[in-house]
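Got the viewer open? Here's a short walk through the model, one selection at a time.

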Amino acid sequence: MRRAIYPGSFDPVTNGHLDVIERARKLFDEVVVAVAHNDQKQPLFTLAERLDFLGQVTASLAGVKVAPLDGLLVEFAVQQNAHAVVRGLRAVSDFEFEFQMALMNRKLEATVETIFLMPKEEYTYLSSRIVKEIARLGGDVGKFVPPCVVESFARKLQR
Ligand code: ADP
């Protein structure tokens with residue numbers, strides 16, 4: 001059983017994240033999407049909401065599980081018996097931080113390998129941060145996030 005962890009804040013999940021999940025699923029028997037609490041980033045959506053969106057949008061994908069992530073990623077990977085961490089790379093700007101994190105994780109736990117996947121070109125400009133900004137300013141985010149997230153934005157931002 002080849003299992004990978006795909007960690008992130010997913011605040012909220014976007015179509016870019018979904019593209020990475022589907023690509024990872026082609027390489028691994030099971031992909032565990034690990035949703036970080038990430039209080040430092042002051043998320044717009046609660047952990048429960050972020051888990052719920054991911055649960056809904058991955059329900060039809062066999063071999064994809066969703067779980068909360070608290071604590072060290074590599075420890076979670078070992079607990080889950082996973083040997084890979086998947087991260088998405090959109091542009092060179094992602095690289096420096098991702099490279100540092102991958103090498104630090106390797107120092108912490110040598111059995112866990114980090115794999116980078118590139119999304120479809122049309123998702124390379126997409127980030128949760130930019131989607132939140134568009135939604136706050138009243139823009140239509142329907143092309144960028146799944147329908148359950150669009151509805152939740154409308155409720156949260158009271159439109
Ligand atoms: P984090 O807060 O850990 O960066 P994110 O939820 O923003 O978490 O992203 C999780 C992972 O998904 C990261 O590896 C990020 O680079 C990747 N990612 C985010 N958006 C996209 C996208 N549009 N295409 C490909 N990968 C993406």
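Before the first click, one cut-off: a residue is called exposed when its relative accessible area is over 50%, and buried when that value is under 20%. Keep in mind, too, that this is a predicted model.

**Stop one: Pro147.** Select Pro147, which you'll find in helix α6. Its relative accessibility is 60%, so Pro147 counts as exposed. Now add Phe53 to the selection. The two are 94 residues apart in sequence, yet their C-alpha atoms are 9.5 Å apart in space.

**Stop two: the aromatic rings.** Stay with Phe53 and bring up the other rings. How many aromatic pairs are there? The count comes to 5. One of them joins Phe45 and Phe53: show both rings and you'll see an edge-to-face arrangement, with 5.1 Å from centre to centre and 80° between the planes. Are these two residues buried or exposed? Both Phe45 and Phe53 are buried.

Next, pick Tyr125 and Phe144. Their ring centres are 6.3 Å apart and the planes meet at 85°; planes over 60 degrees apart count as edge-to-face, so this pair is edge-to-face as well. Colour by secondary structure to see where the partners sit: Tyr125 is in the loop between β5 (113-117) and α5 (128-136), while Phe144 is in the loop between α5 and α6 (147-156). The pair therefore ties together parts that are 19 residues apart in sequence. With 17% relative accessibility, Phe144 falls on the buried side of the cut-off.

Before leaving the rings, add Phe153 to Phe45 and Phe53: ring pairs link these three into a cluster.

**Stop three: the ligand.** Turn on the surface and go to the largest pocket, where the ligand sits. Then select the residues around the ligand: there are 16, and Tyr6, Ser9, Phe10, Lys41 and Gly88 come nearest. For the secondary structure elements of this shell, highlight β1 (3-8), α1 (15-27) and β4 (84-88), each of which supplies at least two residues.

Zoom in on the backbone contacts. At Phe10, a backbone N or O atom lies 2.9 Å from an oxygen atom of the ligand. At Gly88, a backbone N or O atom is 2.7 Å from a ligand oxygen. Over at Leu126, a polar backbone atom is 2.9 Å from a nitrogen atom of the ligand. How much of the ligand does the protein cover? On its own the ligand has 550 Å² of accessible area, and the protein covers 90% of that.

Methods:
Residues numbered from 1 in each chain as written. Predicted model: local features only at pLDDT ≥ 70, side-chain atom pairs only at ≥ 80, totals over all residues. Heavy atoms only, no water. Phe/Tyr/Trp six-rings, centres within 6.5 Å; stacked < 30°, edge-to-face > 60°. Buried < 20%, exposed > 50% of the residue type's maximum accessible area, 1.4 Å probe, protein only. Helix = DSSP H or I, 4+ residues; strand = E, 2+ residues; numbered from the N terminus. Near = heavy atom within 4 Å. Polar contact = N/O pair within 3.5 Å; in protein donor to acceptor, adjacent residues only side chain to side chain. Areas by Shrake-Rupley, 256 points an atom, 1.4 Å probe, with all protein chains shown as cover. 1 Å grid on protein atoms, 1.4 Å probe; cavity = no way out; pocket = protein on both sides within 12 Å on 5 of 7 lines; lining within 4 Å. Sits in = over half its atoms within 2 Å of the grid points.
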